[in-house]
Amino acid sequence: MTTLNEWFEKGINIDAYLDSMQTHKENTMHIYDHYELPADTDFFNTLRSQKLRAIVLTEDWCGDAMLNLPIFYHIAQAGAIDVRILHRDENLELMDQYLTNGKSRSIPIIIFINQNGDEVAKWGPRAPELQVYIDESFSSLPDKDAPEYEEKRSQMLTFITKSYRDNTDFWQRVYASLKRGLEEA
């Protein structure tokens, strides 16, 4: 079985991932460029002292990744976390070890490891408050058998993408959730 250290070494760095993006690059960069990291000096000092590394399972078509990863990149920079990206669809052996609710390949998944390659925390695919938002949004769709289902679903996904891109309250919730996950590690 492949170790987390080996998975980490297999990944690409953030810049290479961003350069390769085709779907949500503009929105990802918008969030990255406009998000202001809180002045959590003690938190970032603690992260630096832990010398964490992170493996991120993602795909650039994913709206949750578009929202979460730019905020995580800021945390990684402030906390000196070395990050490597793995495309979910090319790394299902690892992805299937981190299924959401034991069944879904939801992304992004961020696996935090120490210098020995031991998992110390896992985060993803989204902040709990955003899960409620997504659940409520999807519950308003017509039945999958309904003729208008695909059109309504497409409209909803467009609205969610715009909300993720522009709703700075969502950005703060992602930050708070990531911080909680790392503090509990």
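A residue counts as buried when its relative accessible area is under 20%, as exposed when that area is over 50%, and as partly exposed in between (1.4 Å probe, protein chains only). Helices (H or I, at least four residues) and strands (E, at least two) are DSSP runs, numbered from the N terminus.

The structure is a predicted model, in which local features need pLDDT of at least 70 and side-chain atom pairs count only at pLDDT 80 or more, while totals for chains, interfaces and linings use all residues. Residues are numbered from 1 along each chain as its sequence is written, and side-chain values use heavy atoms, with hydrogens and water left out.

**Two helices with a buried side**

Let's start with helix α7. Its buried residues are L130, Y133, I134 and S137. Why do they share a side of α7? They cover an arc of only 95 degrees around the axis, which puts them on the same side of the helix; the arc is that of the directions from the helix axis to the C-beta atoms. An α-helix has 3.6 residues a turn, so residues three or four places apart point the same way. The face of α7 turned away from the buried side carries the exposed residues E136 and S139. Among the elements covering the buried residues of α7 are α5, α8 and α9; this covering rests on contact, meaning heavy atoms within 4.5 Å.

Helix α8 (residues 149-166) can be read in a similar way. In α8, the residues Y149, M156, I160, T161, S163 and Y164 are buried. They cover an arc of only 160 degrees around the axis, which puts them on the same side of α8. On the other side of α8, you will find T158, F159 and K162 exposed. The cover over the buried residues of α8 includes α3, α5, α7 and α9.

The 18 residues of α8 reach 26 Å from the first C-alpha to the last, close to the 26 Å expected at 1.5 Å a residue. The expected span is 1.5 Å times one less than the number of residues.

**Where α4 meets α5**

Helix α4 (residues 41-50) and helix α5 (residues 63-79) pack at an angle of about 70 degrees, and their axes are 8 Å apart. Helix α4 is therefore roughly perpendicular to α5, a label for angles of 65 to 115 degrees. Axes here are lines fitted to C-alpha atoms, for helices over the stretch in contact, and angles run from 0 to 180 degrees between N-to-C directions. From α4, the contact is made by F43, F44, L47 and R48, and from α5 by I75, A78 and G79.

**Two residues to look up**

T28 is found in helix α3. Is T28 buried or exposed? It is buried, with a relative accessible area of 3%. Not counting residues up to four places away in sequence, T28 touches L18, M21, M66 and P70.

S20, in helix α2 (residues 14-20), is partly exposed, with a relative accessible area of 35%. Leaving aside its neighbours within four places in sequence, S20 is in contact with D60 and H87. S20 and D60 are 40 residues apart along the chain, yet their C-alpha atoms are separated by 8.7 Å.

**Backbone surprises**

Most residues other than glycine have a negative phi, and most peptide bonds are trans. The table lists some exceptions.

| Place | Feature | Value |
|---|---|---|
| I107 and P108 | cis peptide bond | omega about 5 degrees |
| G124 and P125 | cis peptide bond | omega about 5 degrees |
| K51 | positive phi, not a glycine | phi about 50 degrees |
| A80 | positive phi, not a glycine | phi about 55 degrees |

K51 is found in the loop between α4 and β1, and A80 lies in the loop between α5 and β2.

Methods: Angles under 35 degrees count as roughly parallel, over 145 as roughly antiparallel, 65 to 115 as roughly perpendicular and the rest as oblique.
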